[in-house]
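Please look through the sequence and the model below, and then follow two of its helix pairings step by step.

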Amino acid sequence: MTDTASAPAARTASSRPESGPEGGPFDAVLCDIDGVLRHWPPADTLDRAHGLPPGTLLGAAFAPARLHPAVTGAVTDAEWRTAVTEDLAAVCGPDLAHAVVAAWSEQLPEVDREVVALLTAARAHARVALVSNGTTRLEHDLARQGLADLADTVVNTARIGAAKPDPRVFLAAADRVGAAPERCLFVDDTPGHVAAARAVGMTALHFRHPDDLRTALAPLTGQV
């Protein structure tokens, strides 16, 4: 997650996307999901609710040995959560571990309706793809929140066997929307992913606030 409470002046200076070779309007907008379109509750919310030290769940779920197989499709979402439960059980016992993971699995992120509106407007002028380091549950979760039809396509890394910042993800997304990389605007809240998109020739925006996206899309949508 990124801090969306930046001062407006600083945000304006840092939110200008760095253009690819051709510049100008885009043929496609490739947008990250979590941290841009959706925002999860603070990571330690469930830890506190279950009397665990802050970072306990996050440390188990996002340990590279657990997360990477989940977001590259080597294991299913259910297998990932089972493994996280087992890791937590070694720390807090099986009953509490199951309770924490069950609560985590039922959490829903907050959808940023301003970003939804901006992507909807962009879709009238260009193809739109959601591009996420997701697990095999991503499509279900998007449908559950009414986001299944927001974009022309969803590029879920669990379905392609590679995760951002691997350049294969960006090239696969460009191919999916039928656009050359240099004609794509890529939007993400993670600086390393933004840099990787630029490295394959895309225009890329480091997202901090919906106003950043509005500014980047203005040449395409005419909205200011």
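How many ångströms (Å) apart do the axes of helix α7 and helix α12 come, and at roughly what angle do they cross? In this predicted model, the axes of α7, which spans residues 113–123, and of α12, which spans residues 210–221, come within 10 Å and cross at roughly 10°. Angles under 35 degrees count as roughly parallel, and α7 and α12 are therefore roughly parallel to each other. Their crossing is left-handed. On the α7 side the contact is made by Glu 114, Val 115, Leu 118, Leu 119, Ala 121 and Ala 122, which meet Pro 210, Asp 211, Leu 213, Arg 214, Leu 217, Leu 220 and Thr 221 of α12. Sorted by character, the residues of this contact comprise 9 nonpolar, 1 polar and 3 charged.

The second pairing joins helix α5, residues 77–92, to helix α6, residues 94–106, and here the axes lie 7 Å apart while the helices pack at an angle of about 140°. That angle makes α5 oblique to α6, and α5 passes α6 in a right-handed crossing. From α5 the contact draws on Trp 80, Arg 81, Val 84, Thr 85, Leu 88, Ala 89 and Cys 92, while α6 contributes Pro 94, Leu 96, Ala 97, His 98, Val 100, Val 101, Trp 104 and Ser 105. Of the residues in the contact of α5 with α6, 11 are nonpolar, 3 are polar and 1 is charged.

Terms used: Residues are numbered from 1 along each chain as its sequence is written. This is a predicted model: local features need pLDDT of at least 70, side-chain atom pairs count only at pLDDT 80 or more; totals for chains, interfaces and linings use all residues. Side-chain values use heavy atoms; hydrogens and water are left out. Axes are lines fitted to C-alpha atoms, for helices over the stretch in contact, and angles run from 0 to 180 degrees between N-to-C directions. Helices (H or I, at least four residues) and strands (E, at least two) are DSSP runs, numbered from the N terminus. Angles under 35 degrees count as roughly parallel, over 145 as roughly antiparallel, 65 to 115 as roughly perpendicular and the rest as oblique. A crossing is left-handed if the near helix is turned anticlockwise from the far one by less than a right angle, and right-handed if clockwise. Contact means heavy atoms within 4.5 Å. Ala, Val, Leu, Ile, Met, Phe, Trp, Tyr, Cys and Pro count as nonpolar, Asp, Glu, Lys and Arg as charged, and the others, Gly among them, as polar.
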